[in-house]
Each structure stands twice: as C-alpha cells, then as structure tokens.
Amino acid sequence: MVDHVHVHPHDEIDRIAPEIYGHFAEHLGRCIYGGLWVGDDAEIETENGIRTDTLGLLEDIELPMLRWPGGCFADDYHWEDGIGPREERPRRRNLWWAQGREEVFEESNAFGTDEFLQLCERLDTEPYLASNVGSGSPTETVDWVEYCNFDGDTDYANRRRENGRDEPYDVPYWGVGNENWGCGGKYDPGDYALEFRRFAQYLRGYDRNMGDGSLELIACGHTTESWNREFMAGLGGDAHMVDHLSIHRYYSGGDAVDFDEEAYYKLFSNSLQLDGDIERTAGVLETYAPGADIGIAVDEWGVWHDQATADNGLEQPQTVRDAVSAAGVLDIFNSHADRVTMANLAQTVNVLQCLVETDEESAWATPTYRVFDLYTPHIGATALRTVVETDEHEVDADTPDVPLVSASASHSDGGVYVTLSNRDLEARTVAVDTGLDAAEAADGAEILFAGTDPSEFTTSDNADSFAAEVEQVETEGGTVTLDVPASSVVGVHLE
Ligand code: AHR
C-alpha cells in the first residue's frame, strides 16, 4: 500500500505568517529563571545574565516571535516591578507557579521588560507582551506601551532612557489579558468584551495619537465556541478593535514515556482537535465580523503530559512522540495560513513542550526543536493546498480519527518544500506528487527519528542522536517516493 500526498502547486492558501512559528516563555518553573536567565553571578557562562548555551540553541533556529511574561502570570504581573536597578526591584509573589522544584512561589523580578526585549533583539524575534487585565488597569498597560515604544519626552520614555535604553523597542503585539475566562480574572464573555473595549480604547488612543498605528491587539478567546460568540457579540460595533482572537489548546498523552498503543494514538487524536478549533473560531469571526481582518492566534499550544504538574514547574520528558505530534500541528497551521496569524508553542525552555532543556551545566535541543528546525523553510513561504490519501487509525468517538500520514507544502523562491510525518508504528511508503513535471529533490530528504522508539526522550547525553539524517531519494515525473520510517518526520525540497 502506498500513501499519496498531492501538492497543488497553483492552489495557494496564503503566506505562512512567520509568527505561526512563534514561542511562549512564562515566569513559570525553570523556563525563565534557570533555563534562560541565571544572572551575572552564575557559575555558568552568560551574556548579560542569559545563559549562552540556551542562547546559542535559540539563535540557531528561527524564532520569529516570543510571547511573555505569561500565561496566568501575566494577569498578576505589574511590569514596573521589573525595570530599573536590579537590586532595587521588589520581590513579589508568583501567585500561580513555583520557581523550580522547591515550591518557592517568589518572583525576584531580575528578568523584566528590558531584559526580555533585549533578548528578543538579540534573537531577531518579534516580542509579544501579554498585559494584565485581571488585576491591572488600562493605565498600567498604556504606560507599559509608552515605556517600550515612545520616542518623546515623557516620564516613561525617559525612565526607559535612564535604564540605559535610548531607542524605543517598538513592540508590535499586545495581548489584552490571558485566559480571562480563568486565571485572568474569571470573567464571563460579555464582561470581558466590555473590559477588552475599555483597554483597547486607550491602547488605540495611544497608537493613534502617539504611536504609528502599528499596534496589534490580541483578545482572549476560547476553544469553546459559545465564549467566542458571546465575546464577539459583546463587542457590538467594535470588533475592528481586535486584530487577533486567541485560542489555547493543550493535549495530553497520558504518561509521557510509558504509553501503550492506544495511548500513543490518543495523543495524535487529541492534537488534531486544533483543526476543528480553528474552523469553529473562523466560523464565529465570519458570523460576527464578516470581512474584518481578524486573525486567529493559537498563542498557547502543545503537549501536557501527566508528569507536568504545578509542583514540578510543569516539567515532563521530551519524547519523539511529542515531536511527531508537533509536526502534524504545524501542518494544520500551514493549511490554515489564511486564518491563523500567530501561534506560540508552550514553553521554550524546560517547561511543557519545550525547544530547549537545561541542567546546571548544559543545555540541549529537544526532539521538538528538531521538528521546528526542519519546518523552517515554510516560514514566510506561501502555503499550497495539499491532499493526503492514507489510512486512518480510529481512537474513540470523542476525538478525531488519526490519518497515519500528515503533510503540508509551501513554495517560495527556493521551490516547493514538503514536510510529512508518519504517525504509524510501522514504516510507510509515501508518494509525494508535486504537480510539477520536472521537480527534483536535489538535496535528498531530511529524516528525523528514523529507528528511534517514539517513547525515547532527550537527556544531556543523547540529544545529538535526534538530529536529522539525509537520504537520497528518487524523483520521477515530479513525484518523489519515500520510505518513511515509523514515528518519523521528513522534509524534502523540490525544485
Ligand atoms: O502554559 C501554562 C499555563 O497554561 C499558562 O500559564 C496558562 O495560560 C495556561 O492555562
């Protein structure tokens, strides 16, 4: 049996916004403190307090966008605590998350706005700041925008200069709260709509009168359609104040490592719910704001296994199964490039489905890092309609059946780039028909995780063994036929 991936080279979906390949870093467990920031007195090598090993790994892949400081943390964060001389910054509670394994719910504020924005510049990353709606005020948020973005002679712009930064940072993306149906204030959708309008009114006022009109506001949505409907209805004639409506989707795979065949497929099935989430959210936007240019921001997504609990700072083993599931989700985002405007994998370093893990001596790339690296050619390219013919694995009535092969394709000046993953526990043969008569895979195919068990996970000692291998492939009449190992991900470039 041969599976088929049909790429339609003239059926363009849209440009794949680079921000779809974004990430999320919260003051939670060892994501910021320990994973990224260790300060100047640390034994480990640093650059301005950031560990150079983590920095090096993040520099080596494209990181188009980074969302900060939360998450739930955002709606209890007062940004002025995190500016100015570090020794004068107040220690505060971290209401939601333990700072490491000793359950010390304290925040030193050593890593604040300037540290974050300078990290983004260093990584050539667009910053996305999530503001405090639940326990904050519009004034506090607009003051934050002024501190970050204003070039004039005002108190906050001058405080930024006093803190060593002359030029504005020009932060484009501003989240109006986070999960405001839950940790972000427990609003009902109608009340959040009023609150959103109130915050947006002042942010838009700043942008119109003191900015350059380039702020993009992200409103809090939900994967539950009724929240989105009631929120959009509550905006009345002010839907134009929203640039992106956010949804979050975490999915469990039970135990991260110790799973049977049923649980193996259940993770994929759970991850595929994102397709329906996007369709439903797009439907609501079409109903309540027809013709408005509102994108969908999946600004938290990823695997959340049983091992990740608040007590251990949401840490879990990073397996091949997780990485293969991420490939399928990125295919979903590519195929919805006309609706999804940003997405942020949770959470960059050490927490949940991360790119980088660290211990006291070193940092290493996870299997999911390898997938993001393999998908880099899609960033900013044009997504092409891609149809996959494959078998499906039925899991249960609650979640979607799992197509055993997932794929997406895009084109750019460099030709057509196809990524596909085999979720089957057996190898499969896949014929990729590019629809281009003479296309050739001159560089072969890059294959991740060949011969690796899906339960294998990275440690400081084995991370290199998860790197891609290159295999030569045969092309004939624009079709490339690949032997795709069990639980693996492939990238192939055709010109
Ligand atoms: O990513 C961990 C938490 O999950 C975030 O703080 C919150 O937004 C979500 O519920």
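These are my notebook entries on the ligand site and the domain contact of a predicted model.

**Entry 1, the ligand shell.** I began by listing what surrounds the ligand and found 14 residues, with Glu26, Cys72, Glu179, Tyr250 and Glu300 as the closest. I then sorted this shell by class, which gave eight nonpolar, three polar and three charged residues.

**Entry 2, polar distances to the ligand.** I looked up how the side chains of three residues sit relative to oxygen atoms of the ligand. For Glu179, an N or O atom of the side chain is 2.8 Å from a ligand oxygen, and for Glu300 I noted a polar side-chain atom that also lies 2.8 Å from an oxygen atom of the ligand. In the case of Asn178, the distance from a polar side-chain atom to a ligand oxygen is 3.1 Å. I next asked how much of the ligand's exposed area the protein buries. The ligand exposes 280 Å² when taken alone, and 93% of that is buried by the protein.

**Entry 3, the two domains.** I moved on to the division of the chain, which places residues 17–379 in domain 1 and residues 387–494 in domain 2. Their centres, taken over C-alpha atoms, are 29 Å apart, and the contact draws on 35 residues from domain 1 and 42 residues from domain 2.

**Entry 4, the area between the domains.** An interface's size is often expressed as the accessible area lost when the parts come together, so I looked up that value here. Domain 1 and domain 2 bury about 3,100 Å² between them, with 66% of it on carbon and sulfur atoms. On the domain 1 side, I noted that Tyr265, Arg370 and Leu374 supply 23% of the area buried against domain 2, which is more than any other three residues.

**Entry 5, polar links across the domains.** I counted 22 residue pairs in polar contact between domain 1 and domain 2, both partners being at pLDDT 80 or more. The count of salt bridges between the two domains is one. I also looked up Lys266 and Asp396, whose side chains meet in a salt bridge with an N to O distance of 2.7 Å.

Key: Residues numbered from 1 in each chain as written. Predicted model: local features only at pLDDT ≥ 70, side-chain atom pairs only at ≥ 80, totals over all residues. Heavy atoms only, no water. Near = heavy atom within 4 Å. Polar contact = N/O pair within 3.5 Å; in protein donor to acceptor, adjacent residues only side chain to side chain. Areas by Shrake-Rupley, 256 points an atom, 1.4 Å probe, with all protein chains shown as cover. Nonpolar A, V, L, I, M, F, W, Y, C, P; charged D, E, K, R; others polar. Domains from an automatic or database assignment. Contact = heavy atoms within 4.5 Å. Buried area = accessible area lost by both parts, 1.4 Å probe. Salt bridge = Lys/Arg side-chain N within 4 Å of Asp/Glu carboxyl O.
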